[in-house]
Amino acid sequence: MRVAVCATVLNESRDAGALVDSLRSQLRAPDELVIVDGGSSDGTAEILREALVGMPGAQVIDAPGANISAGRNLAVRATQAEFIAFTDAGIMRSPEWLGALIDAADQASSAAGAFGYILAAPGNTVESAIGAVGLPSASEIDPAHYPPSGGSVLLRRQWFERVGGFPEWLDYGEDLWLDRRVWAMGGWFVHAPGADVRNRPRSSLPAFFRQYYHYAWGDGRAGMLGKRHAARFAAYTVGLALARRPSWARTALLMFLGYRYVRRPIERARGLPGSGPAAPALVPLVRVVGDVAKMSGYAAGCWRRLRG
């Protein structure tokens, strides 16, 4: 069985070399490797081409202006392999990553593909708080309901073609859209524990806000996760109503509900390596920033969808 690895990059000069080194070190080497550059201005494409010299079946394709969906579709069209694995720059993969995806998909022959979890790998206190809010720990995840991310997923080519590839009209949330298409058509994914990867969270609140604004914009634009976003709007509406006319009872209820809302990410922050005592204290602020980003992004995405 042949496998291709596809990735898209844009101004990833800092991580481009590490991406290639990680893929070179795979115990199961890819038969084909295609990286699409969406128009980098920092020399990413040149770094990649130099790093890929001597690697069989590897190429870099220039596609200025292509979004992630278009870049991934272009990469797939440049390959022939039966299995197609997707990943991103900045992801920390073990040498077993690709082999684990292939083995899991091979053993579950009726599955559309296989995936690994995206787990937080913070480098400082702020990143620990952001990672605790944005990413669940492995023990919390139900693999049957986990939407595979484009950072660590493998698809059979027949399923990729069946769902029509990634939606090029959608700039954000394209991997969730594809997951939902696979599920809607009766497909399913199998978890490959050896393909779990680590990702360093954003290092500042403004960067975190932009990231989750874009994710939520994609949800609104594509009409995804409406109930989840509605529940968030409802929770903040109730909270503001309780805070508007304070009393001992209302204040106590608001504090209880607030604690319940941040309890789990606070526990995650305590368990992340190197987080320190300040990370759990930052979680409530990070949670609010993330929620404001999601609510504003979702509203903007819905407005864009309604405008056609």
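Here's a quick tour of a helix pair, a small set of paired strands and one residue in them. Keep in mind that this is a predicted model. The helices are H9 and H10, the sheet holds three strands, and the residue is isoleucine 118 in strand S7.

**Helices H9 and H10**
- H9 covers residues 226-244 and H10 covers residues 248-271; their axes come within 9 Å and cross at roughly 150°.
- Angles over 145 degrees count as roughly antiparallel, so that's the label for H9 and H10.
- As for handedness, the crossing of H9 past H10 is left-handed.
- On the H9 side, the contact uses Arg232, Tyr236, Gly239, Ala241, Leu242 and Ala243, and these meet Arg250, Leu253, Leu254, Leu257 and Tyr261 of H10.
- Sorted by type, the contact residues come out as eight nonpolar, one polar and two charged.

**The S5-S10-S7 sheet**
- The sheet is open, with mixed pairing and the strand order S5-S10-S7.
- S5 (91-92) and S7 (118-120) are the edge strands with a single partner strand each, so each has one side without a neighbour in the sheet.
- S7 and S10 (residues 197-199) run parallel and are joined by three bridges.
- One bridge partner to look up is asparagine 199 in S10, which goes with alanine 120.

**Isoleucine 118**
- This S7 residue has 8% relative accessibility, so isoleucine 118 counts as buried.
- Skipping neighbours within four places in sequence, isoleucine 118 touches Leu135, Tyr146, Ser149, Gly151, Ser152, Val197 and Asn199.
- Serine 137 lies 19 residues away along the chain, with 9.0 Å between its C-alpha atom and that of isoleucine 118.

Methods. Residues numbered from 1 in each chain as written. Predicted model: local features only at pLDDT ≥ 70, side-chain atom pairs only at ≥ 80, totals over all residues. Heavy atoms only, no water. Axes fitted to C-alpha atoms, helices over the stretch in contact; angles between N-to-C directions. Helix = DSSP H or I, 4+ residues; strand = E, 2+ residues; numbered from the N terminus. Parallel < 35°, antiparallel > 145°, perpendicular 65-115°, else oblique. Left-handed = near helix turned anticlockwise from the far one by under 90°. Contact = heavy atoms within 4.5 Å. Nonpolar A, V, L, I, M, F, W, Y, C, P; charged D, E, K, R; others polar. Pairing = 2+ DSSP bridges. Buried < 20%, exposed > 50% of the residue type's maximum accessible area, 1.4 Å probe, protein only.
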